[in-house]
Amino acid sequence: MRKKIGIVTGGGDCPGLNAVIRAIVKAGSLYGWECLGIHGGFDGLLTPVQTVPLAVKDMDGLLIRGGTILGSANSGQFSAKTGLGELRQVPQKILNQAKTNFNALGLYALAVIGGDGTLTIAQQMFEMGFPVVGVPKTIDNDLDATQMTFGFDTAVACAVDALDRLHSTAQSHNRVMVLEVMGRYAGWIAAYAGLAGGADVILIPEIEFNYDAIQKKIKAREAEGKHFTIVIVAEGATLEGHGFVTTNKTGKNGEVRLGGIGHMVEMEIENRTKKETRCVVLGHLQRGGQPTQWDRQLCTRFGVHAFQMITKAQFGCMVALKKNGMMGPVTLMEAINKTRRVDPEGELVMTARALGISFGDETVPKSLTNI
Ligand code: F6P
């Protein structure tokens, strides 16, 4: 009998999920394995199970299609993350039911494609005997165990496109334009997009900001004859002495929703500088659409290596992009235990500072030794 792999996509969606599914199914099929898609995240393993057979013929067009053909969920019976560093155990009763159904479906292994919340659940499942292999997904790029998660590059491309567009309108009207981007508690999207899109001010969760510094930067630009300014702000950025700005709504998974910092920054800049200021919140546009070519190759490599790890029974592990640029396994424990955040003293930030980009703080680097 052919061995069967279950594939599940969990957490918020992002471009490239389908490309990973395609890679697992294609490689699996070539080596005589069957694949079964689990619908709607882990909840698809609960009674009544929701599954769909995945054959190579069903994979046409998936390399470039956004979203996930399997559906996803960051709420429901399996939600495990509620906030920064806060975890909730999935009830044993739920895990037992999923395990019974997993066995009844004749599955040999489960490929779990998700971010830290989903991989935290995968670790719990592994601990109770599920043969799981993880694939790191998230536009936030906040998993320490891999050099990059898939979806991030596409989100950055979307943010850069927005900055390019905002530049021309900002310049035409001599305005300050503020772009709020996602990323939760990490500033990767803002930092990379800010560099690639020529932002003048980058506000990230890793560096608290103050309005005096932002005002100073805008004034300095005015003095240079530059009457427009581009600000990119991560949703998790915080004003000195203040906490995260949230929508006051809590998601179904109990996790607080970040958002609103862009409009606060917009209003304060306008009040202080008297310059017309506008804010754009990029929101879920960053998670939609086709993956970039970088993400497509990354997803394909992740998928094939996840399959290879299954064939080697490397369970309780996640495929990762290593420092040497190669794919390799890391334990799920390593993957979920450390959030990767932008280093305020690191090369990325120092490079930006060397261009005169402000992080909304008073720091002027004494030297550029970190570059
Ligand atoms: O983790 C991915 C992410 O897009 C974050 O950047 C963002 O804060 C969150 O998910 C939004 O979640 P939701 O789709 O539930 O609003």
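## A two-domain chain with a ligand

Leu321 stands opposite Met327 of strand β15, and this pair makes a handy entry point to the model, which is a predicted one. Leu321 belongs to the strand β14, which spans residues 317-321 and pairs with β15 in the antiparallel sense over five bridges.

**The seven-stranded sheet**

Let us step out from that pair of strands to the sheet around it. Its seven strands follow the order β3-β2-β1-β6-β7-β14-β15; the sheet is open and its pairing is mixed. Which strands are at the edges, pairing on one side only? They are β3, residues 51-54, and β15, residues 327-331. From one strand to the next, the twist averages 30 degrees.

On the way to the edge strand β3 there is a backbone detail worth a look. The peptide bond between Thr47 and Pro48 is cis, with an omega of about -5 degrees. Pro48 sits in the loop that runs between β2 (34-38) and β3.

**The four-stranded sheet**

A second open sheet has four strands in the order β9-β10-β8-β13, and here the pairing is parallel. Its edge strands, each paired on one side only, are β9 (201-203) and β13. Neighbouring strands in this sheet are turned against each other by 15 degrees on average, with direction ignored.

At the β9 edge, three bridges join β9 to the parallel strand β10, residues 229-234. One residue pair to pick out in your viewer is Ile202 with its bridge partner Ile232 in β10.

For the other edge strand, β13 (277-281), the loop that comes between α7 (261-273) and β13 holds Lys274. Is the phi of Lys274 positive or negative? It is positive, at about 65 degrees, although Lys274 is not a glycine.

**Two domains and the ligand between the numbers**

Now for the whole chain. It is divided into domain 1, made of 4-150 and 291-336, and domain 2, made of 154-288 and 343-354. Taken over C-alpha atoms, the centres of domain 1 and domain 2 are separated by 32 Å.

Where does the ligand come in? Its shell draws at least three residues from each of domain 1 and domain 2. The residues around the ligand are Asn74, Ile139, Asp140, Met182, Gly183, Arg184, Glu235, His284 and Arg287. By character, this shell divides into two nonpolar, three polar and four charged residues.

Among the shell residues, Gly183, Arg184 and Glu235 each place an atom at a listed distance from an oxygen atom of the ligand, as follows.

| Residue | Protein atom | Distance to a ligand oxygen atom |
|---|---|---|
| Gly183 | backbone N or O | 3.1 Å |
| Arg184 | polar side-chain atom | 3.2 Å |
| Glu235 | polar side-chain atom | 2.5 Å |

How much of the ligand's accessible area does the protein cover? On its own the ligand has 400 Å² of accessible area, and the protein covers 76% of it.

If you are setting up your own view of the site, the contacts of Arg184 and Glu235 come from side-chain atoms, whereas Gly183 contributes a backbone N or O atom. Both domains can be kept in the picture, since the shell draws on each of them.

Terms used: Residues are numbered from 1 along each chain as its sequence is written. This is a predicted model: local features need pLDDT of at least 70, side-chain atom pairs count only at pLDDT 80 or more; totals for chains, interfaces and linings use all residues. Side-chain values use heavy atoms; hydrogens and water are left out. Domain bounds come from an automatic or database domain assignment. A residue is near a molecule or strand if one of its heavy atoms lies within 4 Å of it. A polar contact is a pair of N or O atoms within 3.5 Å; within protein, one must be able to donate a hydrogen and the other to accept it, and residues adjacent in sequence count only if both atoms are side-chain atoms. Accessible areas come from the Shrake-Rupley method with a 1.4 Å probe; for residues, only the protein chains shown count as cover. Ala, Val, Leu, Ile, Met, Phe, Trp, Tyr, Cys and Pro count as nonpolar, Asp, Glu, Lys and Arg as charged, and the others, Gly among them, as polar. Two strands pair if DSSP finds at least two bridges between them. Helices (H or I, at least four residues) and strands (E, at least two) are DSSP runs, numbered from the N terminus. Axes are lines fitted to C-alpha atoms, for helices over the stretch in contact, and angles run from 0 to 180 degrees between N-to-C directions.
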